[in-house]
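Hi everyone, thanks for making the time. I'd like to walk you through one model today, starting with a single strand and then stepping out to the bigger contacts. Here it is on the screen.

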Amino acid sequence: MNLVEKILAKASGRQKVEPGDIVVANVDCLLLHDLSGYITSRVFENEVHRPMKYPERVVIVFDHHFSPPTESQARVLEETRAFARRHGVHLFDCGSGNIHHAGLRNGFIRPGAVIVGSDSHTPVHGAVGAFAAGLGNNSHAGMVMPFGKAWFRVPETIRIELSGHHKPGVTPRDSALWLTAQIGEGGAVYKALHFGGKYIKELDMWDRWLFPLITVDVGAKCGFIEPDEKTVQFMSEFTSNPYDLLYSDSDSDFQATWSYDISDLEPQVAASPTLGNVGPISVFAGREVQWAELGGHGGGRIEDIRQAAEILRGRHIANGVKFNVVPSSRQVFQQACDEGLVVDMFQAGCTWFPPSTGSNQAINMGAMAETESMVSTHARNFPGRNGSPKAKMYLSSAYTVAASAVRGVLSDPREFLA
Amino acid sequence: MKARGRCWKFGDNIPTDQMVRSDRAIGSMDDMRKHVLENLNPAFARDVQPGDILVAGRHFGQSSGRAVAPKALQATGIGGLVVDSAARLFYRNCYEIGLPLLQCPGITAGVDDGDILAVDFESGIITNERSNVSLQGEAIPPFLMDMLRAGGLIPMAGRLAEEEQ
């Protein structure tokens, strides 16, 4: 069996599982954010009428609101706080960072565990060797909360073998954007994606993270990376609780192996309307942007802020450009303070925002009029997610975000990194 | 489990955000229903009749996995959906809320908006009454058929949690 099959077998009390089996597995952690937490809480209390089985495994993170902009949103958050108190579940309030960083950094994510959540990027936690999948509100309210379990169809696994080294100015985020288009939206529906190969092995943990992050957008159920010494070191920063280090058997089957060499990649951009609309920066260079942002469920890492500062230090963003910097967690903001990046970015004309998921769906910031465009490290670029359906969202590396902010048009960061 | 009604046809890769805008997702179901799919076809929410069939292309319902998106479609009274393919979370959510969904690669090529379709979700047969052509959709797995018959996941969750361990 491979890693995901072993985790699902263990969690469902079976010796063995095979792709296609339906299992009911114990869930180790349920992650909800402010949007899904409220919706799920209503279904649980209005339709399920049972006690919360394991409140200590349920985590709600308010990450789309660092501060509610309207009375009705304030009421939703208050009702969700009351729900968390009534049932004794964990709540990380406004300003705690984005859901996935807060969940991991507070010790709720562990290798070998079954992690579910209503954020569709929940599979990102496969980066530490967990089985992590997004489920719907009724799964969470109807099975996870009252029984501590969820049903799963054991997925077929595709091995994604990555090799090569980046050119200067090209980053793991460029590889991940490019890979999304190579696999294609809906190119791996219901599959487990096993990310491996020399390229993945050599990446640091927060860069490995960017790969399981894309699984939902190619239609997959989950993505995972075999744990190694880097994983163990990484986990030791966040939890002293024990966990099971499970590994795929060396003879485990794959439905297919897809191999990619990233050596020739240029900086990449994914332009609205969809994540499959990816091309090298040269295709998009020169298009105007009024907004730049480091943030979102995959952005706002210290790595992103360092990259942007490398370009912005001693420079200033263009007239008419607004640059939002949104740390993914409180720890990242502290790190940025310690490294002097807060001042560097501020002096370049950027504005710091509270730890959160930033302009993700424009819940408390980041709405655009139809004539506006944003370049960001966000994970999504669908029309209407940030205000007008005609507004454009360009996804890129933090280097490309920073270079484009300096010029006011999408720009190749290598012109600044010589 | 059958439905018969007008075909409302939509395209490929439609995200759930385009069914229910995120700022409406915490509002009332009535509001979500009135605005469902508004950016793609404003006539749909206004004119859809109970029993109508929503047809869409590849990877329907991608992006966010909020069940309010299929719930808003269900609230219009549609008899079910037939899609070339569905995104995983959307697929799961449909059965969990008791909304019949058939995957039938080729459906968008075989029907036009406004056709009258008769769909048998158990046999998977879709009949286009205008052209009198039938298409065979993929069989719904027995586990999910049971869930549809139960009216969704919540009514069967207790039984499921106990019998599988």
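Let's begin in chain B, with strand β5, which covers residues 116-120. Keep in mind as we go that this is a predicted model. The side chains along β5(B) alternate between two faces. B:Leu117 and B:Val119 point to one face, and both are buried. B:Ile116, B:Ala118 and B:Asp120 point to the other face, and these three are not buried.

Now, which strands does β5(B) pair with? One is strand β1 of chain B, residues 2-9, which pairs with β5(B) in the antiparallel sense over 5 bridges. Another is strand β6 of chain B, residues 125-128; it also runs antiparallel to β5(B), and 4 bridges join the two.

If you want one residue to click on, take B:Asp120. On the β1(B) side, B:Asp120 is the bridge partner of B:Lys2. On the β6(B) side, B:Asp120 stands opposite B:Ile125. And recall that B:Asp120 belongs to the face of β5(B) that is not buried.

β5(B) and β6(B) form a hairpin, with 4 residues between them. For those of you who like backbone torsions, look at B:Gly124 in that turn: its phi is positive, about 80 degrees.

Let's move over to chain A and its domains. Domain 1 takes in 3-149 + 157-260, and domain 2 takes in 268-415. The C-alpha centres of these two domains of chain A are 24 Å apart. Each side puts residues into the contact: 33 from domain 1 of chain A and 33 from domain 2 of chain A.

On the domain 1 side, the elements giving two or more residues are α4 (99-105), α6 (172-183) and α8 (205-208) of chain A. Which of them gives the most? That would be α6(A), with 6 residues. By class, this side of domain 1 has 11 nonpolar, 14 polar and 8 charged residues.

Last stop, the contact between the chains. Chain A contributes 39 residues and chain B contributes 35 residues. On the chain A side, the elements that give two or more residues are β1 (22-26), α2 (34-48), α5 (137-147) and β7 (149-153). Here α5(A) gives the most, with 7 residues. The class count for the chain A side comes to 17 nonpolar, 16 polar and 6 charged residues.

That's my tour, and I'm happy to rotate the view for anyone who wants another look.

Conventions. Residues are numbered from 1 along each chain as its sequence is written. Chains are lettered from A and ligands numbered from 1 in the order in which they are written. This is a predicted model: local features need pLDDT of at least 70, side-chain atom pairs count only at pLDDT 80 or more; totals for chains, interfaces and linings use all residues. A residue is buried if 20 or more other C-beta atoms lie within 10 Å of its own, exposed if 12 or fewer, and partly exposed in between; C-beta atoms are placed from the backbone. Two strands pair if DSSP finds at least two bridges between them. Domain bounds come from an automatic or database domain assignment. Two residues are in contact if their C-beta atoms, placed from the backbone, lie within 7 Å. Ala, Val, Leu, Ile, Met, Phe, Trp, Tyr, Cys and Pro count as nonpolar, Asp, Glu, Lys and Arg as charged, and the others, Gly among them, as polar.
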